[in-house]
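Student: I am new to this structure and would like a close look at one part of it. Please choose a strand, describe its surroundings, and then work outward to the rest of the chain.

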Amino acid sequence: MQKRPADSARHGLSGKAGLLLAASLAGLAACAGPEGGGPVATVTPAAPAAVVPGRTVGVLLPLSGGNARLGQAMLSATRMALGSPTAPPLDIRDTAAAGGAGAAAQAALAAGDGVILGPLTAAETMQAATVSTTGPVPMLAFTSDVSVGRPGVWALGIAPEQQVARMVAAAQAEGRQHFAAFLPGTALGRAMGRALVQDCAARGLAVPQIVYHTDSPASITQGLKTLSNYDARMSAAQPAAQAALPPDVAAAVDPVGGAVQQAQPAPAPSRPGPPPFDALLLADTGLQLAAVIDALQSFQVIGVPPAPGAAATADGSAAPPAPPVNGGLPPVRILGTALWASFAGKLGPLQGAWYAAPDPAARQRFVQLYMARYHTMPTPLSDLAYDASALVGALDRARPADRPNGYTVEALTRPDGFSGVDGVFGLTPDGQTRRDLAIFQIQPTGGGRIVSPAAGRLAREQS
């Protein structure tokens with residue numbers, strides 16, 4: 001148990017050498033793991049090497065309370081990344097202790113820490129940031145809420161804004177021009193909606209129509225019926241269907257046209273034209289997603305081939321047909337959330353839908369090393385803890401001789417970013433985090449397949 005405010009991370013660690021991945025794209029050397037196996041000999045701390053002020057790494061995690069197991073797993077990943085004898089020492093603070101994250105951050109600053117890893121949640125990050133930014137000490141938090149980002153504070157989680165940006169870019173590249181969103185009125189849904197508006201504006205696309213719904217079936221059904229313009233599409237399809245009937249069939253169904261000589265085949269049911277969008281963003285999961293899928297099928301947004309003829313506008317009049325999307329593609333590209341990755345095998349009805357997420361193959365080496373050391377699977381949040389720690393270790397090794405540490409804003413925000421367990425990521429001076437994500441496509445029998453791999457580098461920011 002970590003009771004001491006400072007823990008050098010070399011006490012109590014045994015294992016195999018070489019337990020680290022590459023920490024940056026510029027060829028920075030990977031941290032060397034602790035050497036030796038078996039019990040650690042008792043060493044009298046007679047003359048410990050002096051710790052350079054400002055080099056210590058503050059670690060703010062929940063080590064007690066309801067999130068203790070999660071915090072301990074993340075601490076294990078941190079120690080794995082900063083486990084060499086030459087690594088900067090750790091100053092470990094329990095954010096579940098009295099005073100919370102704010103008190104933990106205050107103690108870290110008082111101890112002279114040069115950088116802070118954590119805390120875990122957005123609320124804790126806000127508390128700690130009010131302290132760390134007065135230092136100023138850079139903070140790499142583990143939340144995915146980008147609203148906490150500011151100069152000197154970064155949210156390292158896989159954020160919905162990063163996912164939406166990746167999918168909008170890919171959808172526009174395949175010819176999509178009219179975006180819409182049908183989202184739950186939750187924090188996640190609102191974040192994805194705001195991101196869609198911002199990305200469409202940045203790319204010169206039309207302002208997307210966004211509808212938020214509650215968890216009631218009526219809200220989902222009525223909201224999607226309105227967004228997809230179903231009634232107007234059906235009204236526009238009726239004259240076209242009637243005009244397509246042969247003369248003898250038209251007379252047979254006309255009561256004024258005389259007796260029907262023989263039974264005639266019933267006219268085919270009308271098929272509405274496409275909805276007024278060709279890309280639709282969703283963010284539901286669980287039972288609400290099942291209800292959304294049913295409504296999408298009922299209002300013929302998915303599960304139908306491209307329909308000929310004109311689409312209907314909101315007032316029911318016929319609109320010029322949208323420019324055709326590349327052949328063989330669905331009329332509407334469904335865009336989802338990375339949360340779908342955990343149950344993609346059940347999403348066959350959404351075949352062709354996309355979601356953006358890290359390539360799981362990229363973390364396999366980390367998983368193997370973590371399991372070899374701790375005999376348990378790492379959590380996704382352990383990925384973030386490892387990446388943040390490996391980044392700090394790389395900057396420490398590259399620190400200038402005349403500086404106590406290498407944790408400068410210039411080093412943290414290098415344009416090429418860093419290579420992490422979940423792919424390449426980079427930090428910007430204004431507190432935002434950029435990520436290189438892959439695009440997965442839902443298959444007819446369920447499951448996701450990569451159709452647009454991660455680039456292996458960060459795209460240059462648009463001016």
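Tutor: Strand E6 is joined to strand E7 (residues 209-213) by five bridges, and E6 and E7 run parallel. Within this pairing, Ala181 stands opposite Ile210 of E7. This is a predicted model, and what follows describes that prediction. E6 also pairs with strand E8 (residues 279-282): four bridges join E6 to E8, again in parallel. Here Phe182 is the residue that stands opposite Leu282 in E8.

The burial of E6 can be taken next. The strand spans residues 179-184, and six of its six residues are buried, so E6 is largely enclosed by the rest of the structure. Both faces are covered. On one side the buried residues are Phe179, Ala181 and Leu183, and on the other they are Ala180, Phe182 and Pro184. Ala181, which faces Ile210 in E7, and Phe182, which faces Leu282 in E8, therefore belong to opposite sides of a strand where a residue counts as buried if its relative accessible area is under 20%.

Elsewhere in the chain there is an open sheet of five strands. Their order is E2-E1-E3-E4-E5, with parallel pairing. Its edges are strand E2 (90-94) and strand E5 (153-155), each of which pairs on one side only. From one strand to the next, the twist averages 20 degrees. Inside this order, strand E1 (residues 57-61) is joined to strand E3 (residues 115-117) by three bridges, and E1 and E3 run parallel. Val59 stands opposite Leu117 of E3.

Helices lie across these strands. Helix H2 (residues 100-110) lies across E1, E2 and E3, and runs at about 155 degrees to E2. The buried residues of H2 are Gly100, Ala101, Gly102, Ala104, Ala105 and Ala108. They pack against E1, E2 and E3, and also against helix H3 (122-132). Just after H2 comes Gly112, with a positive phi of about 85 degrees.

Helix H11 lies across E1, E3 and strand E4 (139-141), running at about 160 degrees to E3. H11 covers residues 380-397, 18 in number, and reaches 26 Å from its first C-alpha to its last, close to the 26 Å expected at 1.5 Å a residue. Of those 18 residues, 15 are buried, so H11, like E6, is largely enclosed by the rest of the structure.

A pair of helices comes next. The axes of helix H1 (residues 68-81) and helix H10 (residues 364-374) come within 11 Å and cross at roughly 105 degrees. This makes H1 roughly perpendicular to H10. On the H1 side the contact involves Ala73, Ser76, Ala77, Arg79 and Met80; these meet Phe366, Leu369, Tyr370, Arg373 and Tyr374 of H10. By class, seven residues of the contact are nonpolar, one is polar and two are charged.

Last, the chain as a whole. Its secondary structure comes to 12 helices and 15 strands. Of its 463 residues, 48% count as buried. Among contacts in the chain with a separation of 6 or more, 68% are between residues 24 or more positions apart.

Terms used. Residues numbered from 1 in each chain as written. Predicted model: local features only at pLDDT ≥ 70, side-chain atom pairs only at ≥ 80, totals over all residues. Heavy atoms only, no water. Helix = DSSP H or I, 4+ residues; strand = E, 2+ residues; numbered from the N terminus. Expected span 1.5 Å × (residues − 1). Buried < 20%, exposed > 50% of the residue type's maximum accessible area, 1.4 Å probe, protein only. Axes fitted to C-alpha atoms, helices over the stretch in contact; angles between N-to-C directions. Parallel < 35°, antiparallel > 145°, perpendicular 65-115°, else oblique. Contact = heavy atoms within 4.5 Å. Nonpolar A, V, L, I, M, F, W, Y, C, P; charged D, E, K, R; others polar. Pairing = 2+ DSSP bridges.
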